[in-house]
Amino acid sequence: MDQRLLIDYQAFSSLSEMTSEDRELVEAAVDACKDSYSPYSKFRVGAALRLANGVIVKGANQENAAFPSSLCAERTAMFAANVQYNGVPQVSIAIAACGEDGKLIDQPASPCGACRQVMAEYQKLGGRPMSIILHGASVTYKFNKVDDLLPLIFDSI
Ligand code: THU
């Protein structure tokens, strides 16, 4: 039998349409782009992760001459948060990407598969949905749970 998966998300054409908490997170993600170390791709990605205790942990992509040793912005934030605030649920992550000139790119950057899998793990660990906000100059998308970006999540435990 044919079945269909539906993905719910919201699109915002201006940050003023978002809650002040989400706006703050997006602004932190944009700010984190400056901490990107991306001499190879010249693609600066910033992430800002809100924890259940209200703390915002930032991340930015970190590259390496041995390319596979690099890490995406999202995972630097999530891994750092789970070390610095172990056991505190991760409730929302915003992502922004800028060019070499530091200018926000037009369309939102979407997390890679590996980052989505890590989000899924921390969402499960936190016991509550983790929302994902993808911010671009033209539009901002909000997904209320990781499942919306990673349907049929792999789960071994
Ligand atoms: N990158 C991220 O940091 N997050 C994403 O969601 C996609 C890609 C980084 C990895 C690499 O440093 C650069 O962007 C180009 O792929």
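**View 1. Side-chain contacts of E74, E63 and N61 with the ligand in a predicted model.** A polar side-chain atom of E74 lies 2.5 Å from a ligand oxygen atom. For E63, the corresponding distance to an oxygen atom of the ligand is 2.4 Å. In the side chain of N61, an N or O atom is 2.9 Å from an oxygen atom of the ligand. A polar contact here is a pair of N or O atoms within 3.5 Å. On its own the ligand has 380 Å² of accessible area, and the protein covers 76% of this area (Shrake-Rupley method, 1.4 Å probe).

Residues are numbered from 1 along each chain as its sequence is written. In this predicted model, local features need pLDDT of at least 70, side-chain atom pairs count only at pLDDT 80 or more, totals for chains, interfaces and linings use all residues, and side-chain values use heavy atoms, with hydrogens and water left out.

**View 2. The shell around the ligand.** The residues around the ligand (a heavy atom within 4 Å) are S41, F43, V45, N61, E63, C72, A73, E74, S110, P111 and C112. By class, this shell has 6 nonpolar, 3 polar and 2 charged residues. Ala, Val, Leu, Ile, Met, Phe, Trp, Tyr, Cys and Pro count as nonpolar, Asp, Glu, Lys and Arg as charged, and the others as polar.

**View 3. The aromatic pair of Y9 and F143.** The structure holds 4 aromatic pairs (ring centres within 6.5 Å; stacked if the planes are under 30 degrees apart). One of them, Y9 with F143, is stacked, at 5.2 Å centre to centre and 25 degrees between the planes. Y9 is in the segment before β1 (10-12) and F143 in strand β6 (residues 140-143), so the pair links distant parts of the chain, 134 residues apart (strands are DSSP runs of E, at least two residues).

Note on methods:
Polar contact = N/O pair within 3.5 Å; in protein donor to acceptor, adjacent residues only side chain to side chain. Phe/Tyr/Trp six-rings, centres within 6.5 Å; stacked < 30°, edge-to-face > 60°. Helix = DSSP H or I, 4+ residues; strand = E, 2+ residues; numbered from the N terminus.
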